Amino acid sequence: MARGRDSVQGDRFSRRRALRLAGGGLTLAVLAVGAAGCREDGSEVGGSGGSGDGASGGDKATTGGAGKDGAGKDGAGKDGQAPEPLWTKTTSALTYGDNDELVAAGGVVIASGEPLAALNATSGKEQWSLKDGAVPGAPMLLGKGTLYLASAGYDGTVAGYDPASGKETWRSHLGKEYRQPRPIAADDEQLYVVAEILEADGSSKTNVIAALNSTTGRLAWKEQRDLGTEENGIHAQVQGRHLVYTDFKKNLTVRDTATGKQVWTHRTTKTNYGFFAVYKDLVIVPQGPKLQAFSLADGSAKWSVETAESYVAFKEPAVLDDVLYIADSDRTLRALDPRTGKKIWQSDSLADAKLTVPRQYVKAGGLLYAATALDEQGGVIAIDPKTGAVRWTFNDKSGDYHAWLVATDGKHVFALHGTKLHALPV
């Protein structure tokens, strides 16, 4: 059978992704701890770049040949090369490749790690740190100006913090009959968590999904999930009265945020490890060679798009500024109207440049920034959002096996790769 240009790489990425998203697999946890323990202590760089090979282990970043004159139009360096970082820091990051392990809010950027450290967005200096602040593999969620974290003390609590200061502003305890509650989504009114239900012997066979009031911490509702569902591998978003989530069991479920009652659920035919996009009254789900949109209200199918070949699979989607961006395993990048699925543009620029398939997107300063899974032929790719043309690629050339992660505060784009965190100008 014919295979796409990226099919072999895609298989390797999928195995790594399954391990990362399992929420703290032993092998990767040991590797991550080893990497953190071996890093150098030097941490401060003021805009240095150049063409080093990244092998020295310090904090000097390689920026794909950027000149010393810094960023130019659209955040690019001279001659279309990547801009030099404003700063680069070695962090305590322990990540598993999920998009919510790097956040920017309140003038700081935070990478999930131990201790949990917030760096000033402009200078890169540490603004605050929190021991036992984050559970490895658990998401860091922002809602109503609050950073929500599962307790790394595994004491059954979840807490909220002011991102700017690190001060605790909220705490809730689901109950002694539940274990390891983990936040999965947040809105202005509630924090949504999943937790194991404890048996008399201390084991757990089932789990519960619950909503906690974001002002009082009191339980708003809880619903037991079906036998066989898991706490790990969940991705969730809130849109109005709808809580939408997926899991490793290939379930797509929508619940009412006011009552917790299940509105509908679908069994998806394929999985990209649960990533989806929500736009207004639609949830948009990649399922192998098909991209489908379903109504949040009743689960009815609204539109679908297919790849050119059945062996080519859609990857992670993102809706930014009313445009749906999605790449496939053949490295074709599409911009679609999320209301209808109609094509705005389609680009082969990723394949032409032999770049790795993007897995996460942010938009800032007139450019689309895409982060890839692994280091070689990847990194952070700056893309023209109007045409799909590649402007430049930033890569620290460290060879680190970790996925790249990106976040933005509108003034900077933050790129995390392993323990290295770079602030790129916008």
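The following exercises, with worked solutions, concern strands, a core and empty spaces in a predicted model.

Residues are numbered from 1 along each chain as its sequence is written. In this predicted model, local features need pLDDT of at least 70 and side-chain atom pairs count only at pLDDT 80 or more, while totals for chains, interfaces and linings use all residues; side-chain values use heavy atoms, with hydrogens and water left out.

**Exercise 1. Determine how strand 3 is paired and which of its residues are buried.**

Step 1. Strands here are DSSP runs (E, at least two residues; helices are H or I, at least four), numbered from the N terminus. Strand 3 covers residues 108–111.

Step 2. Two strands pair if DSSP finds at least two bridges between them. Strand 2 (residues 102–105) pairs with strand 3 in the antiparallel sense over 4 bridges, and Ala-105 has Val-108 as its bridge partner. The hairpin of strand 2 and strand 3 has 2 residues between the strands, and Gly-106 takes a positive phi near 60° there.

Step 3. Strand 3 also runs antiparallel to strand 4 (residues 116–120), again through 4 bridges. Ile-110 stands opposite Ala-118 of strand 4, and the hairpin that joins strand 3 to strand 4 does so through 4 residues.

Step 4. Buried means under 20% relative accessible area, exposed over 50%, and partly exposed in between (1.4 Å probe, protein chains only). Val-108 and Ile-110 on one side of strand 3, and Val-109 and Ala-111 on the other, are all buried, and both faces are thus covered.

**Exercise 2. Describe the sheet of strands 26-27-28-29 and identify its edges.**

Step 1. The 4 strands form an open sheet in the order 26-27-28-29, with antiparallel pairing.

Step 2. Strand 26 (358–364) and strand 29 (390–394) each have a single partner strand, so one side of each is left without a neighbour in the sheet.

Step 3. From one strand to the next, the twist averages 25° (axes are lines fitted to C-alpha atoms, for helices over the stretch in contact; angles run from 0 to 180 degrees between N-to-C directions).

Step 4. Within the sheet, strand 27 (residues 367–372) and strand 28 (residues 380–383) share 4 bridges; Ala-371 has Val-380 of strand 28 as its bridge partner.

**Exercise 3. Identify the residues with the most contacts inside the largest nonpolar core, and the strands that supply it.**

Step 1. A nonpolar core is a set of buried Ala, Val, Leu, Ile, Met, Phe, Trp, Tyr and Cys residues joined through side-chain atoms within 4.5 Å. The largest has 16 residues, and Tyr-325, Leu-333 and Tyr-361 have the most contacts inside it.

Step 2. At least two residues of this core come from each of strand 22 (314–320), strand 23 (323–328), strand 24 (333–336), strand 27 and strand 28. Strand 23 gives the most, with 3 residues.

**Exercise 4. Characterise the second largest cavity.**

Step 1. On a 1 Å grid over the protein atoms alone, a cavity is a set of points where a 1.4 Å probe fits but cannot get out, and lining residues have an atom within 4 Å of a point. Grid points are joined across faces, edges and corners, and a volume is the space filled by probe spheres set on the points.

Step 2. The whole structure contains 3 cavities of 30 Å³ or more; the second largest holds about 50 Å³.

Step 3. Strand 10 (residues 178–186) contributes the largest share of its lining, 3 residues. Among the lining residues are Val-135, Tyr-154, Asp-155 and Arg-182.

Methods: On a 1 Å grid over the protein atoms alone, a cavity is a set of points where a 1.4 Å probe fits but cannot get out, and a pocket is an open set with protein on both sides within 12 Å along at least five of seven lines; lining residues have an atom within 4 Å of a point.
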